[in-house]
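Subject: Structure for your review

Dear colleague,

Please find below the sequence and the structure that I am handing over to you. My notes on what was found follow after it.

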Amino acid sequence: SSDLIVLAVIAGNALSYYNIDPLPQSLQKFFKNKSNPINVYYVKWAWAWTSTVCFLGLALVHAHFSPPRYREWLLDCFALVIWTGLWYFCTKFFVFLRDYTEHCSIVKIDEQAHCEGSGGQWFEFDISGHAYLLSLCILVDYTVQKNISRVMAYSSQDFFYPGSKGFV
């Protein structure tokens, strides 16, 4: 699964490098608009959705035990805090890297719109924060789900139905 993500990011970068966009013009316009609903409610809030679902899933699983396993739940919550710190640090680093490498082919112009409007070409090394964020969300979801499965597998208690062993 992680190999597929890496291949998708490499393919997307290659298409971008050669200015190949397989989407129709109307879809390109929609996705480039920063206020489109997918960008506003899915991508911009992806970490909030991921953290909320992971936090609630872990809380439900750990609270099910008698007595509840608060220590394990706190450790899992601490791991989510570490993942959040990693996400924050990496996004700040990506912005720093872009700002450090951006320049115009026309000397003494430091704004992209002004550069392109004057006939120059704008250069920058811009790591896709969206691709990073969505990949990290998938990784965290997978890690938490694996942890929930591990907790359930070692439990001798019935989770959902009396007489059942785990999920049915």
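**Aromatic pairs**

Six aromatic pairs turn up when the whole structure is searched. The rings of Phe, Tyr and Trp (its six-membered ring) count as a pair if their centres lie within 6.5 Å; planes under 30 degrees apart are called stacked, over 60 edge-to-face, and the rest tilted. One of these pairs joins Phe-55 and Trp-73, whose ring centres are 5.3 Å apart and whose planes stand at 55°, so the pair is tilted. Phe-55 belongs to helix α4 (residues 46-64) and Trp-73 to helix α5, so the pair links distant parts of the chain, 18 residues apart. Helices (H or I, at least four residues) and strands (E, at least two) are DSSP runs, numbered from the N terminus. Phe-55 has a relative accessibility of 36% and therefore counts as partly exposed. Here buried means under 20% relative accessible area, exposed means over 50%, and partly exposed lies in between (1.4 Å probe, protein chains only).Please keep in mind that this is a predicted model, in which local features need pLDDT of at least 70 and side-chain atom pairs count only at pLDDT 80 or more, while totals for chains, interfaces and linings use all residues. Residues are numbered from 1 along each chain as its sequence is written, and side-chain values use heavy atoms, with hydrogens and water left out.

A further pair is made by Phe-94 and Tyr-132. Their ring centres are 5.3 Å apart and their planes meet at 90°, so this pair is edge-to-face. Phe-94 sits in helix α5 and Tyr-132 in helix α7 (residues 129-153), so the pair ties together parts that are 38 residues apart in sequence. Both Phe-94 and Tyr-132 are buried. In addition, ring pairs join Phe-93, Phe-96 and Tyr-100 into a cluster.

**The chain as a whole**

The protein chain has seven helices and two strands. Read from the N terminus, its elements follow the order α-α-α-α-α-β-α-β-α. The chain has 168 residues, of which 23% count as buried. About 12600 Å² of the protein chain is exposed, and carbon and sulfur atoms supply 66% of this area. Accessible areas come from the Shrake-Rupley method with a 1.4 Å probe; for residues, only the protein chains shown count as cover. Among contacts (heavy atoms within 4.5 Å) between residues at least 6 apart in sequence, 53% join residues at least 24 apart.

**Cysteines**

The structure holds one disulfide, a term for a pair of cysteine sulfur atoms within 2.5 Å. The disulfide is formed by Cys-104 and Cys-115, with their sulfur atoms 2.0 Å apart. The torsion about their S-S bond is about 80°, so the disulfide is right-handed. Cys-104 is in strand β1 (residues 103-104) and Cys-115 in helix α6 (residues 112-117), eleven residues apart. With a relative accessible area of 9%, Cys-104 is buried; Cys-115 is buried with 0%.

Why does Cys-54 not bond with Cys-137? The sulfur of Cys-137 is the closest cysteine sulfur to that of Cys-54, but it is 8.5 Å away, too far for a bond. Cys-54 is buried, with a relative accessible area of 3%. Cys-77, at 15% relative accessibility, also counts as buried.

**Asp-76 and the salt bridge**

Asp-76 has its place in helix α5 (residues 70-101). Its relative accessible area is 14%, which means that Asp-76 is buried. Apart from its neighbours within four places in sequence, Asp-76 is in contact with Leu-58, His-62 and Asn-147.

Side chains of opposite charge can pair when their charged atoms come close. A search of the whole structure finds one salt bridge, that is, a side-chain nitrogen of Lys or Arg within 4 Å of a carboxyl oxygen of Asp or Glu. The partners are Asp-99 and Arg-98, and their closest N and O atoms are 3.2 Å apart. Asp-99 is partly exposed, with a relative accessible area of 40%, and Arg-98 is partly exposed with 25%.

**A nonpolar surface patch**

Which residues make the nonpolar surface patch? Leu-23, Leu-27, Phe-30, Phe-31, Ile-38, Tyr-42, Trp-45 and Trp-49 make a patch of about 800 Å². The elements that give two or more residues to the patch are α2 (25-32) and α3 (37-43). Helix α2 gives the most, with three residues. Patches are made of residues with over 30% relative accessible area and no salt bridge; like charges are joined within 9 Å, and nonpolar side chains (Val, Leu, Ile, Met, Phe, Trp, Tyr) within 5 Å. Ile-38, one of the patch residues, lies in helix α3. At 40% relative accessibility, Ile-38 counts as partly exposed.

With kind regards
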